[in-house]
Amino acid sequence: MNFKAELKNLCALSGPAGYEQAVSEKVEALFSEFCQEVWHDSFHNVYARMGGGKMRLMICAHMDEVGMMVRTIEDDGFLGITKVGGIDPRVLPAHEVVVHGREELFGVIGAKPPHVTTPAEREKMIPLDELYVDLGLPAERVRQLVQVGDVISYRAPVIDLAGDALAGRTLDDRAGVMILLETMAALKDTALGVEVVFVATVGEEVGSLGAAVAAFDQRPDLGIAIDVTHGDTPDAPAGESFPMDKPNIGLGPICHTGWVERLRRVAKEQDMDYSLDVFGGESWTDGDEIQLTAEGIPVALLSLPLRYMHTSVELIRMNTLKKCARLLTQFILSVSEEG
């Protein structure tokens, strides 16, 4: 499998939280290349099982994305919008979007030109309820093709930058799904002494709904959330962004100290450098819901540094993605050896 090409294909699919079916179908096909037992649930979570033993590990990465929905259709055909997940209104003006109506429609989110704004307007962020999608169509035609509630996604393919960098939409967290796939590929011909259930989850951007469903269904002995964290940028506070070339291990109240130490020990044994994301509350990942499911499930968190989160130019490094997959693989093998 050409993992880089498949990541680009996966990122091209629209799948805001609650509307992930097309992505789910693609992921199920990808999982089936490495696992014989693959299935989905009524929520469109996708599962793949490997190995067997007394201990069950559940490893999750979410496949939904942030997006928008049509809130209103104005008399002149402009579309008022609302957000699905953590969309930042600051980045929306001048964006290209796709409105998934009765057919896919390209549009733009415009803004009043600076020439006709007041000094006060130029100093403030445009609130979401003052942003509109322009399809360039007559109002009558818009009403024929679009209805309130239709989903809107960024129009931004993943592109290659210098070196091993990629930038584009939905890398949060379809890059995490690719980490699952790379790990499956590495373990495909290995007789595991532990059961591993890989899950591509839905609804993470609106509260990790899919992870809660999956954890309740599988009741694993350990849940590992694979997600992205903030890559280093010049304007980010110290301790809240991390080097782009290192896997990131979570360290906070939701993370089980014993399993975190195990993950760190494996990294050291493999001579793999990593960074630590120290947080004092929620992790804002699937791990939060997994931990609270049923009687409580121990959780660990492994993250891929990513710049410009929840925008159409999210940026990762493929080599770091592969390092995360290698660390996850070696962790599974270390647990497998103990049965």
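1. Helix α5, formed by residues 171–187, lies across strands β11 and β17. The direction of helix α5 makes about 25 degrees with that of β17. A second helix, α9 (residues 318–337), also packs on this sheet and touches β11 and β17. For α9, the angle to the direction of β17 is about 65 degrees. These statements, like the rest of this note, concern a predicted model.

2. The sheet that carries these helices is open and has three strands, in the order β10-β11-β17, with antiparallel pairing. Strands β10 (159–160) and β17 (314–317) stand at its edges. Each of the two has a single partner strand, so one side of each is left without a neighbour in the sheet. Strand β11, residues 165–168, is joined to β17 by four bridges. Within this antiparallel pair, Gly168 of the chain stands opposite Glu314 in β17.

3. Elsewhere the chain forms a barrel, closed by six strands in the order β4-β5-β8-β7-β6-β9. The pairing in the barrel is antiparallel. On average, and with direction ignored, neighbouring strands of this sheet are turned by 45 degrees against each other. In general, the strands of a sheet pair through backbone hydrogen bonds, in either a parallel or an antiparallel manner.

4. One pairing of the barrel may be described in detail. Strand β4 (residues 67–73) and strand β5 (residues 79–84) run antiparallel and are joined by six bridges. Gly67 is placed opposite Val84 in β5.

5. Three aromatic pairs are counted in the structure. One of them consists of Trp39 and Tyr47, whose ring centres are 5.0 Å apart. The planes of these two rings are at 5 degrees, so the pair is stacked. Its members differ in exposure: Trp39 is partly exposed, with 22% relative accessibility, whereas Tyr47 is buried, with a relative accessible area of 1%.

6. Trp259 and Phe331 form an edge-to-face aromatic pair, with 5.9 Å from centre to centre and 70 degrees between the planes. This pair links distant parts of the chain, since Trp259 belongs to helix α7 (residues 257–269) and Phe331 to helix α9, 72 residues apart. Both Trp259 and Phe331 are buried. Helix α9 is thus the element that holds Phe331 and that packs on the three-stranded sheet described above.

7. How many disulfides does the structure hold? The number is zero. Cys11 takes part in no disulfide, and the nearest cysteine sulfur, that of Cys324, is 15 Å away. For Cys60, the closest cysteine sulfur is in Cys255, at 14 Å, which is too far for a bond. Cys11 is buried, with a relative accessible area of 1%. Cys60 is also buried, and its relative accessible area is 1%.

8. The confidence of the prediction should be considered when the model is read. The mean pLDDT of the chain is 94, and 99% of its residues reach 70 or more. Among the elements of the chain, strand β12 (residues 195–201) has the highest mean pLDDT, at 98. The lowest mean, 70, belongs to helix α3 (residues 119–122). As a general rule, predicted coordinates should not be read in detail where pLDDT is low.

Conventions:
Residues are numbered from 1 along each chain as its sequence is written. This is a predicted model: local features need pLDDT of at least 70, side-chain atom pairs count only at pLDDT 80 or more; totals for chains, interfaces and linings use all residues. Side-chain values use heavy atoms; hydrogens and water are left out. Two strands pair if DSSP finds at least two bridges between them. Axes are lines fitted to C-alpha atoms, for helices over the stretch in contact, and angles run from 0 to 180 degrees between N-to-C directions. Contact means heavy atoms within 4.5 Å. A disulfide is a pair of cysteine sulfur atoms within 2.5 Å. Buried means under 20% relative accessible area, exposed over 50%, partly exposed in between (1.4 Å probe, protein chains only). pLDDT is the predictor's confidence in each residue, from 0 to 100. Rings of Phe, Tyr and Trp (its six-membered ring) pair if their centres lie within 6.5 Å; planes under 30 degrees apart count as stacked, over 60 as edge-to-face and the rest as tilted.
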